[in-house]
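Q: I am new to this structure and should be grateful for a close look at one part of it, set in its surroundings.

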Amino acid sequence: MIVTTTPSVEGKRIVDYRGIVFGEVISGVNVFKDFAAGLSNFFGGRSNTYEEELSMARVTALGELEERAAALGANAVVGVDIDYEVLGSDNGMLMVTVSGTAVIVE
């Protein structure tokens, strides 16, 4: 499966559009991860805890996008956009949304 942020795939011709596809993940950060991230915030530096959570959420959302495109018979997704949001009353939830257009290229 080809997944790209561009509106086309270089060297390939889009022969059919199958529709818009999405991948969504809402991930909670538990108290232990939040505590570890708080230490990074207090002392400075990068938060490996949040970075790992963000990376896993993005990979999972992209995987869902590919599965949904394949279910439509597509072999590529073009125009992919990745959005990040923080949710919840205490901002303890991370949402990653990936969207694009499922197509068939040859």
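In which strand is the place of Asp 81?

A: Asp 81 is located in strand S3; helices (H or I, at least four residues) and strands (E, at least two) are DSSP runs, numbered from the N terminus. The model is a predicted one, in which local features need pLDDT of at least 70 and side-chain atom pairs count only at pLDDT 80 or more, while totals for chains, interfaces and linings use all residues. Residues are numbered from 1 along each chain as its sequence is written, and side-chain values use heavy atoms, with hydrogens and water left out.

Asp 81 counts as partly exposed because its relative accessibility is 36%; buried means under 20% relative accessible area, exposed over 50%, and partly exposed in between (1.4 Å probe, protein chains only). Setting aside residues up to four places away in sequence, Asp 81 touches Thr 97, Val 98 and Ser 99, where contact means heavy atoms within 4.5 Å. Its C-alpha atom is 6.4 Å from that of Gly 100, although 19 residues separate the two in sequence.

The wider setting is an open sheet of 4 strands with mixed pairing, in the order S1-S3-S4-S2; two strands pair if DSSP finds at least two bridges between them. Strand S1 (2–3) and S2 are the edge strands, each pairing on one side only. Strands S2 and S4 run antiparallel and are joined by 13 bridges. One bridge links Ser 27 with its partner in S4, Leu 94.

Leu 94 counts as buried, because its relative accessibility is 15%. Leaving aside neighbours within four places in sequence, Leu 94 is in contact with Val 25, Ile 26, Ser 27, Leu 54 and Glu 85. The C-alpha atoms of Leu 94 and Leu 54 are 7.7 Å apart, with their positions 40 residues apart along the chain.

Helix H2 lies across S1, S2, S3 and S4 and runs at about 145° to S2; axes are lines fitted to C-alpha atoms, for helices over the stretch in contact, and angles run from 0 to 180 degrees between N-to-C directions.

The largest nonpolar core has 13 residues, and those touching the most other members are Val 21, Leu 65, Ala 69, Val 77, Val 96 and Val 98. Strand S2 (14–28), helix H2 (48–71), strand S3 (76–87) and strand S4 (93–105) each give two or more residues to this core. Such a core is a set of buried Ala, Val, Leu, Ile, Met, Phe, Trp, Tyr and Cys residues joined through side-chain atoms within 4.5 Å.
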